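The exchange below asks on what grounds certain descriptive terms are applied to a structure. Each reply sets a value against its criterion and then concludes.

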Amino acid sequence: MRKLAVAPATALVSLLLTVSAWAQDITNLGGDLTSDLPIDTALELPAPNISSEELFQLHLAGHTDFHGSFLFTKLNGKRVLGPHFNHNSCGACHVKDGRGPIRISSRPPGSSVLVKVSLRGLNPDGSPRDVPRVGEQLQNHSIDGSTRYDIRLRWRTVRGVYPDGTKYTLRRPQLSFKIPGIRSTKVVHSIRMSPPTIGMGLLEAVPAATIVAMSDPDDLDGDGISGRVSYVPNLETGQIEVGRFGWRATQPTLKQQAAAAFFHDMGLTNELFLPEGKAQEIPDEQLARVVFYSQAAGVTPARDQDHPDVVAGKALFQQINCDSCHVMTLQTGDSEVVEVANQEFHPFTDLLLHDMGPDLADERPEFSATQREWRTPPLWGLGLHPFLSSKRPGYLHDGRARTIEEAILWHGGEALSSRESFKDLSAAERFQLIRFLQSL
Ligand code: HEC
Ligand code: HEC
């Protein structure tokens with residue numbers, strides 16, 4: 001990955017830059033969108049810099065669209081949800097705008113973890129090949145209350161040990177399902193945990209050129225970390241654009257992400273997903289409200305930034321190159337959403353795809369991303385779990401990591417040397433690094 005700053009000329013300048021980076025105050029993770037409301041509600045309410053009363057009201061209406069259930073919503077007297085779906089509201093999976101519980105349920109009302117499927121290989125345009133009569137994901141719930149595909153998620157234990165002799169246990173998912181009429185060997189799958197939806201508008205407003213400038217597909221700077229841009233189709237413009245959203249950065253805009261979620265996760269047709277002969281179930285204004293809700297919601301501040309363990313952990317984060325991918329500071333450009341325009345903010349991502357090694361690989365490539373590549377997830381909000389949900393958190397694309405520590409221990413591929421450096425830290429230093437991440 002190429003650093004955005006110009007390389008320093010001397011060791012002294014390098015040291016000063018490093019010290020100043022450690023010292024950089026990242027408390028306002030979301031720039032002017034950082035909220036001082038209580039942590040358990042800040043992500044759901046309008047950002048403090050919302051620019052008008054009208055937009056404030058629009059945001060509150062968007063909250064209802066995002067968190068309200070579509071179970072009983074009707075159009076022309078008919079229920080619109082489904083008939084097959086994964087869950088019945090955005091907020092059921094993105095709980096309080098945070099991550100969802102790791103559960104594939106065999107009972108109503110729904111599941112927050114979803115399974116993407118396709119036939120082997122890719123279509124000429126790079127998109128995965130839909131499974132006939134199924135589509136691109138297993139919609140395992142139905143409005144009549146039945147479930148489909150007999151999906152079972154089990155966990156296999158993996159044991160390891162730190163160089164200092166401390167033992168640890170990880171778990172790896174083992175998924176099974178049945179698609180009537182199709183041999184399971186023909187179908188490849190990918191398990192997806194519902195990620196937090198924090199600061200989405202800021203990520204959308206990072207200029208594509210900034211993301212491209214950080215990429216280093218051939219690792220020209222020889223730091224072992226490449227980073228590739230995910231190029232994906234924009235359904236509205238028909239152009240190939242920089243992907244930003246989803247674990248593989250397969251969606252270029254929040255509008256497309258939300259429209260795809262309505263269609264695939266809830267079975268609700270809309271302006272971007274409207275099969276021939278079907279009525280449009282989500283009016284354009286409702287889709288626009290949900291998008292604005294995600295764009296202009298508040299971001300929680302980092303906490304305890306003066307605590308000695310947090311200060312030390314932040315320095316370690318940079319020393320062992322976690323920030324090569326989890327880039328601490330980005331700038332947005334101009335935006336029609338004035339709230340997110342021209343902000344300096346701290347998401348801890350480069351929005352690029354990285355080869356994370358064979359252990360994290362799934363079976364299902366998507367557009368330019370291979371089975372081993374994942375988009376660097378933002379780390380803001382990592383410590384919010386206890387405030388947002390009482391259920392156990394899951395980290396990484398399939399929720400296999402039960403703790404932040406486990407998430408780090410799964411890193412491989414381009415992140416292998418960072419992971420090894422983490423393992424080589426003393427137990428006290430490992431605690432400090434994790435303490436820093438919990439402060440975000
Ligand atoms: C069944 C659970 C589920 C429902 C319902 C759901 N989502 Fe998601 N959401 C996910 C998963 C899983 C992903 C990651 C998808 C991927 O990897 O491509 C995701 C990704 C996202 C992202 C991108 C987050 C990021 O970090 O890039 C946004 C934004 C989002 N969803 C918004 C919505 C909206 C808006 C709705 C309602 C219209 C919705 N979601 C409904 C599970 C869900
Ligand atoms: C080569 C780029 C790269 C480096 C270096 C890297 N990461 Fe990551 N990190 C990723 C990617 C990509 C993922 C998502 C992998 C997945 O979901 O399978 C991830 C996931 C995570 C997660 C889980 C986030 C979530 O929401 O589930 C944490 C925590 C994390 N990294 C912390 C670290 C720390 C700490 C370091 C330094 C020891 C580090 N990372 C180094 C790319 C990187």
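The questions and answers that follow concern a predicted model.

Q: Why is S190 called buried?
A: The relative accessibility of S190 is 1%. Buried means under 20% relative accessible area, and S190 therefore counts as buried. This residue belongs to strand β9, which covers residues 187–192. Its C-alpha atom is separated by 15 Å from that of N140, and the two residues are 50 apart along the chain.

Q: Why does Y231 count as partly exposed?
A: Y231 has a relative accessibility of 38%. The term buried applies under 20% and exposed over 50%, with partly exposed in between; Y231 is therefore partly exposed. Y231 is located in strand β10, residues 231–233.

Q: What makes V212, Y231 and I240 a nonpolar patch?
A: Nonpolar side chains with over 30% relative accessible area and no salt bridge are joined within 5 Å. For Y231 the value is 38%, so the accessibility criterion of over 30% is met there. Together, V212, Y231 and I240 have about 270 Å² of accessible area on the surface.

Q: What makes the contact between G246 and ligand 1 a polar contact?
A: A polar contact requires a pair of N or O atoms within 3.5 Å. A backbone N or O atom of G246 is 2.8 Å from an oxygen atom of ligand 1, so the pair qualifies. Side chains also take part: an N or O atom of D265 lies 3.1 Å from a nitrogen atom of ligand 1, and a polar atom of R375 lies 2.9 Å from an oxygen atom of ligand 1.

Q: Which helix gives the most to the shell around ligand 1?
A: Helix α7 does, with seven residues. At least two residues each come from α4 (90–93), β4 (114–122) and α7 (254–266). In total, 30 residues surround ligand 1, and C90, C93, H94, R192 and G246 are the closest. By class, 16 are nonpolar, ten polar and four charged.

Q: How do you know that H411 makes a polar contact with ligand 2?
A: A side-chain N or O atom of H411 is 2.8 Å from a nitrogen atom of ligand 2. The limit is 3.5 Å, and the pair therefore counts as a polar contact. The backbone of L396 places an N or O atom 2.7 Å from an oxygen atom of ligand 2, and a polar side-chain atom of R99 is 3.0 Å from an oxygen atom of this ligand.

Q: How does the shell around ligand 2 divide by residue class?
A: There are 17 nonpolar, seven polar and three charged residues. Of the 27 residues surrounding ligand 2, the closest are C322, C325, H326, H397 and H411. Helix α11 gives the most, with three residues.

Q: Why is the positive phi of D97 worth noting?
A: Most residues other than glycine have a negative phi. D97 is not a glycine, yet its phi is about 70°. D97 sits in the loop between α4 and β4, and at 1% relative accessibility, under the 20% limit, it is therefore buried. D219, likewise not a glycine, has a positive phi of about 50° and lies in the loop between α6 (208–214) and β10.

Q: Which peptide bond leading to P83 is cis?
A: The bond from G82 to P83 is cis, with omega near 15°. P83 is in the loop between β2 (78–79) and β3 (84–85). The bond from P108 to P109 is also cis, with omega near 5°, and P109 is in the loop between α4 and β4. Most peptide bonds are trans.

Notes. Residues are numbered from 1 along each chain as its sequence is written. Chains are lettered from A and ligands numbered from 1 in the order in which they are written. This is a predicted model: local features need pLDDT of at least 70, side-chain atom pairs count only at pLDDT 80 or more; totals for chains, interfaces and linings use all residues. Side-chain values use heavy atoms; hydrogens and water are left out. A residue is near a molecule or strand if one of its heavy atoms lies within 4 Å of it. A polar contact is a pair of N or O atoms within 3.5 Å; within protein, one must be able to donate a hydrogen and the other to accept it, and residues adjacent in sequence count only if both atoms are side-chain atoms. Helices (H or I, at least four residues) and strands (E, at least two) are DSSP runs, numbered from the N terminus. Ala, Val, Leu, Ile, Met, Phe, Trp, Tyr, Cys and Pro count as nonpolar, Asp, Glu, Lys and Arg as charged, and the others, Gly among them, as polar. Patches are made of residues with over 30% relative accessible area and no salt bridge: like charges are joined within 9 Å, nonpolar side chains (Val, Leu, Ile, Met, Phe, Trp, Tyr) within 5 Å. Accessible areas come from the Shrake-Rupley method with a 1.4 Å probe; for residues, only the protein chains shown count as cover. A salt bridge is a side-chain nitrogen of Lys or Arg within 4 Å of a carboxyl oxygen of Asp or Glu. Buried means under 20% relative accessible area, exposed over 50%, partly exposed in between (1.4 Å probe, protein chains only).
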